[in-house]
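Here are my notes for your review. Please keep the coordinates open while you read.

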Amino acid sequence: MFENSVKLFTLNKFDIKVDPSWLLIAALVTWSLSRRYFPQALPEADPSVYLTLAVVAMLGLFASLLLHELAHSVVARSLGVPIKSITLFLFGGVAELEAEPTSARAEFWIAIAGPAMSLSLGVGFWVLEFIAVWSGMPETIAATFSYLALINLVLALFNLLPAFPLDGGRVLRAVLWQQSGDVLSATRSAARSGTALAYILMGIGVVALFQGLVLSGMWQIMIGGFLLLAARASYAQQLSKVAFEGRTVGALMTKDPVTVDPDMTLSEFVNRIMLQNHVSFTPVTEDGVLLGHIDASVLSGIDRENWANTRVGDVFVGLDSQAVTQAEVPIPDLLDTISKTGRRKFMVVSDHDLLGVITLSDVTRYLNSGVSHHEGRESVRA
């Protein structure tokens, strides 16, 4: 998800990363604090003081977000859910779970941990602000504590909105999951609440734009768009998990696929194999022995006028481990390979014997049939 993120350090065995998009929000926060918040809170101070306090407050926000995500991560690890890393990005932070919680109870405690941490930080900073004022510390210190108290309270309350994938939406999913025992149905309902909030935020953003509040309006539209995409992606991920549970490559592959002999010319291959069978990826075999494959990308590198005198055996791709998979491989693992390599078509082999071919289209087709089946069951229940 965050291919360009940079690792800063490791804390309690969690890799702490920052996505380049975080620099934008850090700059915006610093600019806003130095131009608006601190000049209003400390009207007599020097501009250099405003900038210094803005940087300190921005770093405090950075630490607060990090502690919010660490709370999620520590609780997740204690409940047996592995955490890959913590990444700060444009819209805040995210603890990247390597697996979904296995129970509604685990989902609830992992979700509630972040807002609980932010609420605790908000209260803590307000106490520090009170102590600073009571003890006569410089106003700059009290103003900084006041901002951090407020921003942590806002962070806690916003995340508690019952809109997936916000923490409150995950709490909602946990409750629905506990009541129904159906995690997919719970995810669907929670994702709908996330979609509704996303459209509300984008609508408010559009209104703000017409009122001349360009920066505020654009920010709300961006947050709404992010929530909309995240809600849909979360439901699709859960749907694929349910649809592919227990499914392996062998169950979805095309058995006895069309193959091509290495002595066939490219013209014959295109006309007799690709066009007639509607395939663009074909294993190459000779006397039952798998040699490799040929696909449209190979043809694209050869001039069409040379197809008639060029044999498949002269240009095919030899056995490449990246283009080969096994029948017992779980479909989620295959999808992970597709995501990492970008390869969409594979030969299924066993001891160099060709068992079949599987493509991303095969997986997608099965997933779509699973969507129709699940929606049909939901209609019947209704």
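Is Val 298 buried or exposed?

1. Val 298 first. Val 298 has a relative accessible area of 14%. The cut-off for buried is under 20%, so Val 298 counts as buried. Val 298 belongs to helix α10. From its C-alpha atom to that of Phe 281 the separation is 10.0 Å. The two residues are 17 apart along the chain. Bear in mind throughout that this is a predicted model.

2. The core. The largest nonpolar core holds 28 residues. Trp 22, Val 29, Leu 33, Phe 38 and Tyr 147 have the most contacts inside it. Four elements each give two or more residues to this core: α1 (21-41), α2 (47-78), α3 and α4. Helix α2 supplies the largest share, eight residues.

3. Aromatic contacts. The model has five aromatic pairs. Tyr 37, Phe 38 and Tyr 147 are linked by ring pairs into a cluster. Phe 38 and Tyr 147 also appear among the core residues with the most contacts. Please look at this cluster and the core together.

4. A charge over a ring. Arg 77 places its charged end over the ring of Phe 14. The distance to the ring centre is 3.8 Å.

5. The nonpolar surface patch. About 880 Å² of nonpolar surface is formed by Leu 119, Val 123, Val 127, Leu 128, Phe 130, Ile 131, Trp 134, Met 137 and Ile 141. Helix α3 (residues 104-134) contributes the largest share, seven residues. Ile 141 sits in helix α4 (residues 139-159). The relative accessibility of Ile 141 is 32%, so this residue counts as partly exposed. A patch residue needs over 30%, and Ile 141 has 32%.

6. Salt bridges, α3 to α5. The count of salt bridges is eight. One of them joins Glu 107 and Arg 170, with the closest N and O atoms 3.7 Å apart. Glu 107 lies in helix α3 and Arg 170 in helix α5 (residues 167-180), so the bridge ties together parts 63 residues apart in sequence. What are the relative accessible areas of the two partners? Glu 107 is buried, at 2%. Arg 170 is partly exposed, at 21%.

7. Salt bridges at Arg 311. Asp 263 and Arg 311 meet through their side chains in a salt bridge, at 2.7 Å from N to O. This pair links distant parts of the chain, 48 residues apart. Asp 263 is in the loop between β5 (254-255) and α9 (266-277). Arg 311 is in the loop between α10 (296-300) and α11 (312-315). Asp 263 is partly exposed, with 48% relative accessibility. Arg 311 is partly exposed too, with 32%. Asp 314 also forms a salt bridge with Arg 311, and here the closest N and O atoms are 3.3 Å apart.

8. A salt-bridge network. Which residues are joined into one network by salt bridges that share partners? They are Glu 107, Arg 170 and Arg 173. Glu 107 is the buried residue of point 6, at 2% relative accessible area.

9. A cis peptide. The bond from Phe 164 to Pro 165 is cis. Its omega is near 10°. Pro 165 falls in the loop between α4 and α5.

10. Positive phi at His 278. His 278 is a residue other than glycine, yet its phi is positive, near 55°. His 278 is placed in the loop between α9 and β6 (281-286). Is this residue buried or exposed? His 278 is exposed, with a relative accessible area of 72%.

11. Positive phi at Asp 287. Asp 287, again not a glycine, has a positive phi near 55°. The loop between β6 and β7 (289-295) contains Asp 287. With 78% relative accessibility, Asp 287 counts as exposed. The cut-off for exposed is over 50%.

Definitions and conventions
Residues are numbered from 1 along each chain as its sequence is written. This is a predicted model: local features need pLDDT of at least 70, side-chain atom pairs count only at pLDDT 80 or more; totals for chains, interfaces and linings use all residues. Side-chain values use heavy atoms; hydrogens and water are left out. Patches are made of residues with over 30% relative accessible area and no salt bridge: like charges are joined within 9 Å, nonpolar side chains (Val, Leu, Ile, Met, Phe, Trp, Tyr) within 5 Å. Accessible areas come from the Shrake-Rupley method with a 1.4 Å probe; for residues, only the protein chains shown count as cover. A salt bridge is a side-chain nitrogen of Lys or Arg within 4 Å of a carboxyl oxygen of Asp or Glu. Buried means under 20% relative accessible area, exposed over 50%, partly exposed in between (1.4 Å probe, protein chains only). Rings of Phe, Tyr and Trp (its six-membered ring) pair if their centres lie within 6.5 Å; planes under 30 degrees apart count as stacked, over 60 as edge-to-face and the rest as tilted. A charge sits over a ring if NZ of Lys or CZ of Arg is within 6 Å of the ring centre and within 35 degrees of the ring normal. A nonpolar core is a set of buried Ala, Val, Leu, Ile, Met, Phe, Trp, Tyr and Cys residues joined through side-chain atoms within 4.5 Å.
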